[in-house]
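Reader: I would like to go through this model term by term and ask, for each label, what value stands behind it. Could we take the labels in turn and set each against its cut-off?

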Amino acid sequence: MRTTLRPRKAAVTFTALTTLAALALAGCGDGGTKDPEAKPTGDLSLKGEKIEVAAVWTGPEQENFTKVLKEFERRTGATVTFVPAQDPIVNFLGTKIAGGSPPDVAMLPQVGAIQQAAAQKWLKPVGPEAKAQLAANYSRGWQELGAVDGTQYGVYFKAANKSLVWYNTAVFENAGATEPKTWKEFLATAETVSASGVTPVSVGGADGWTLTDWFENVYLSQAGPEKYDQLAKHEIKWTDPSVTAALTTLAELFGKPSLLAGGTSGALQTEYPASVTQTFTGGAEPKGAMVFEGDFAAVNIAQTEAKIGTDAKAFPFPKVGDAGTVPVVTGGDAAVALKDTRGAQALLAFLASPDAAKIWAEAGGFLSPNKNLDPAAYPNDVQRGIAEALVGAGDDFRFDMSDQMPQSFGGTPGKGEWKALQDFLKNPKDVAGTQARLEADAAKAYRAAAKG
């Protein structure tokens with residue numbers, strides 16, 4: 001995994017776009033005397049406009065996103081209202097649209113959700129200002145994730161590096177453990193930590209999505225990006241030998257309850273937030289020494305007394321096998337317009353700018369795919385390194401597989417992939433049975449999606 005940024009291109013700032021818009025409107029009235037370099041405090045074209053933005057974010061995430069929206073208000077004169085949405089957000093939006101009151105903009109957390117909303121003709125294409133921001137600030141891969149059949153609909157504002165293992169530094173120091181680079185070394189490190197008297201791995205198995213992330217990282221590293229893309233599109237079956245190999249690898253960890261905090265039953269009863277906080281609570285004697293998850297775990301770590309960079313550090317997900325590569329699995333939230341208004345399009349352009357990303361980056365618990373965001377905006381070296389690794393991957397990353405699939409299979413609690421992998425955690429010897437259930441559920445979901 002590269003941890004350095006490629007040369008930064010000149011960014012098209014949101015300030016420049018709004019200044020030009022304001023000058024175009026006001027030029028005839030004031031003789032064009034305004035300074036084109038001045039930072040506007042309001043774009044007269046948006047005075048009085050009301051914009052609703054729907055997202056599933058709550059707590060710190062909602063608070064930090066609201067800071068971004070407040071800055072947009074300050075710059076444009078628009079009034080922006082945050083609309084709390086229920087998950088799955090596509091169902092929430094469908095209800096709003098059926099009732100004749102869709103929000104202007106929505107934050108969609110899955111590629112599949114963008115595709116589904118576009119197929120329903122709910123979305124409006126991205127306008128020229130936002131396209132200019134995307135072209136200047138985003139790699140082709142991130143742009144393509146927001147497009148459907150060649151039409152740009154989404155602006156990826158918030159990203160996630162989901163290929164990280166966070167660890168309690170005190171436990172590692174006491175055990176004499178070092179950061180592993182391969183899966184074999186990871187298992188050996190787990191045994192070393194276990195021998196020191198601390199259970200090595202905390203797993204949030206009560207939330208099925210964490211288990212899909214485990215699978216995806218192992219699969220991408222072991223099977224490679226081409227197979228990953230094929231499985232994501234169901235071009236190969238879940239009974240494929242590559243899936244057998246990945247599940248067999250996972251079973252090397254899941255099949256040893258002594259390595260899991262609380263054992264198998266404890267892992268299945270542990271929700272994601274607790275899987276993180278219990279790793280960094282209790283000083284050198286936590287319930288677990290390591291927890292696998294994305295950069296957003298920093299939000300949960302901040303709820304403990306542990307300090308990122310000293311008490312809590314992270315290493316890249318280990319590569320699997322001699323021929324494996326260090327995986328870079330990402331997730332993200334894309335802004336889409338459901339109304340073709342000036343306010344909606346201006347907000348998309350702002351969210352695609354480094355200015356918007358900087359606000360949340362400074363607040364923490366955030367990662368941007370915007371390659372022109374100054375890494376100095378991140379609050380500490382750990383998060384800065386995670387961000388540089390994501391941007392440094394260029395187009396050599398892969399988006400969360402379950403988020404690319406029909407929601408009924410890849411994103412529904414108690415069903416599909418979530419349920420099958422929870423059952424696998426419970427009985428990791430049943431590789432063939434797990435594959436059969438995964439394939440049956442996937443085939444059903446993709447058939448339903450094809451019918452619309």
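Author: Let us begin with valine 155, which is called buried because its relative accessible area is 0%, and the cut-off for that label is under 20%. Please keep in mind throughout that this is a predicted model.

Reader: Where is valine 155 found, and which residues does it touch?

Author: Valine 155 is found in strand 6, residues 154–161. Leaving out residues up to four places away in sequence, valine 155 touches Val126, Leu134, Tyr138, Asp333, Ala334, Ala335, Leu348, Leu351 and Ala352, where a contact requires heavy atoms within 4.5 Å.

Reader: Why is strand 6 as a whole described as largely enclosed by the rest of the structure?

Author: Eight of the eight residues of strand 6 are buried, so the strand is described as largely enclosed by the rest of the structure.

Reader: What makes strand 6 and strand 11 count as paired?

Author: Pairing requires at least two bridges between two strands, and seven bridges join strand 6 to strand 11, residues 329–337, with the two running antiparallel. Within this pair, asparagine 161 stands opposite threonine 330 of strand 11.

Reader: How do you know which strands are the edges of the open sheet with the order 8-9-7-10?

Author: That sheet has four strands and mixed pairing. Strand 8 (201–202) and strand 10 (312–316) are its edge strands, since each of them pairs on one side only. Strand 7, residues 164–168, pairs with strand 9, residues 290–292, in the antiparallel sense over three bridges, and strand 7 also pairs with strand 10, again in the antiparallel sense, over five bridges. As for individual positions, tyrosine 167 stands opposite methionine 290, tryptophan 166 opposite valine 291, and asparagine 168 opposite alanine 312.

Reader: What makes strand 7 count as covered on both faces?

Author: Leu164, Trp166 and Asn168 lie on one side and Val165 and Tyr167 on the other, and all of them are buried. Counted along the strand, five of its five residues are buried.

Reader: Why is threonine 279 called buried or exposed, and which residues does it touch?

Author: Threonine 279 has a relative accessible area of 0%, and is therefore called buried. Its place is in the loop between helix 13 (272–277) and strand 9, and, apart from residues up to four places away in sequence, its contacts are Asn168, Ser202, Pro286, Gly288, Ala289, Met290 and Val291.

Reader: Why does aspartate 149 get the label exposed, and what is notable about its phi?

Author: Aspartate 149 is called exposed because its relative accessibility is 81%, and the cut-off for that label is over 50%. Aspartate 149 lies in the loop between strand 4 (147–148) and strand 5 (151–152), and its phi is near 50°, a positive value in a residue other than glycine. Most residues other than glycine have a negative phi, and most peptide bonds are trans. Histidine 234, in the loop between helix 10 (225–232) and helix 11 (241–254), likewise has a positive phi, of about 60°.

Reader: How do you know that the bond between aspartate 87 and proline 88 is cis?

Author: The omega of that peptide bond is about 5°, and the bond is listed as cis. Proline 88 is placed in the loop between strand 2 (79–84) and helix 3 (89–98).

Reader: What describes the packing of helix 2 and helix 16, and which residues make the contact?

Author: The axes of helix 2 (residues 59–76) and helix 16 (residues 354–363) come within 9 Å and cross at roughly 145°, and the crossing is right-handed. The contact is made by Glu61, Asn64, Phe65, Lys67, Val68, Glu71 and Arg75 of helix 2 together with Asp355, Ala356, Ile359, Trp360 and Ala363 of helix 16. By class, this contact has six nonpolar, one polar and five charged residues.

Reader: What makes Phe65 stand out in the largest nonpolar core?

Author: Of the 86 residues in that core, Phe65 and Trp166 touch the most other members, and helix 15 (residues 342–351) gives the most to the core, with seven residues. Leaving aside neighbours within four places in sequence, phenylalanine 65 is in contact with Val53, Trp57, Phe82, Met107, Phe157, Leu351 and Trp360. A second, separate core has 54 residues, among them Ala177, Leu260, Leu438 and Ala445.

Technical notes
Residues numbered from 1 in each chain as written. Predicted model: local features only at pLDDT ≥ 70, side-chain atom pairs only at ≥ 80, totals over all residues. Heavy atoms only, no water. Buried < 20%, exposed > 50% of the residue type's maximum accessible area, 1.4 Å probe, protein only. Axes fitted to C-alpha atoms, helices over the stretch in contact; angles between N-to-C directions. Left-handed = near helix turned anticlockwise from the far one by under 90°. Nonpolar A, V, L, I, M, F, W, Y, C, P; charged D, E, K, R; others polar. Core = buried A, V, L, I, M, F, W, Y, C linked by side-chain atoms within 4.5 Å.
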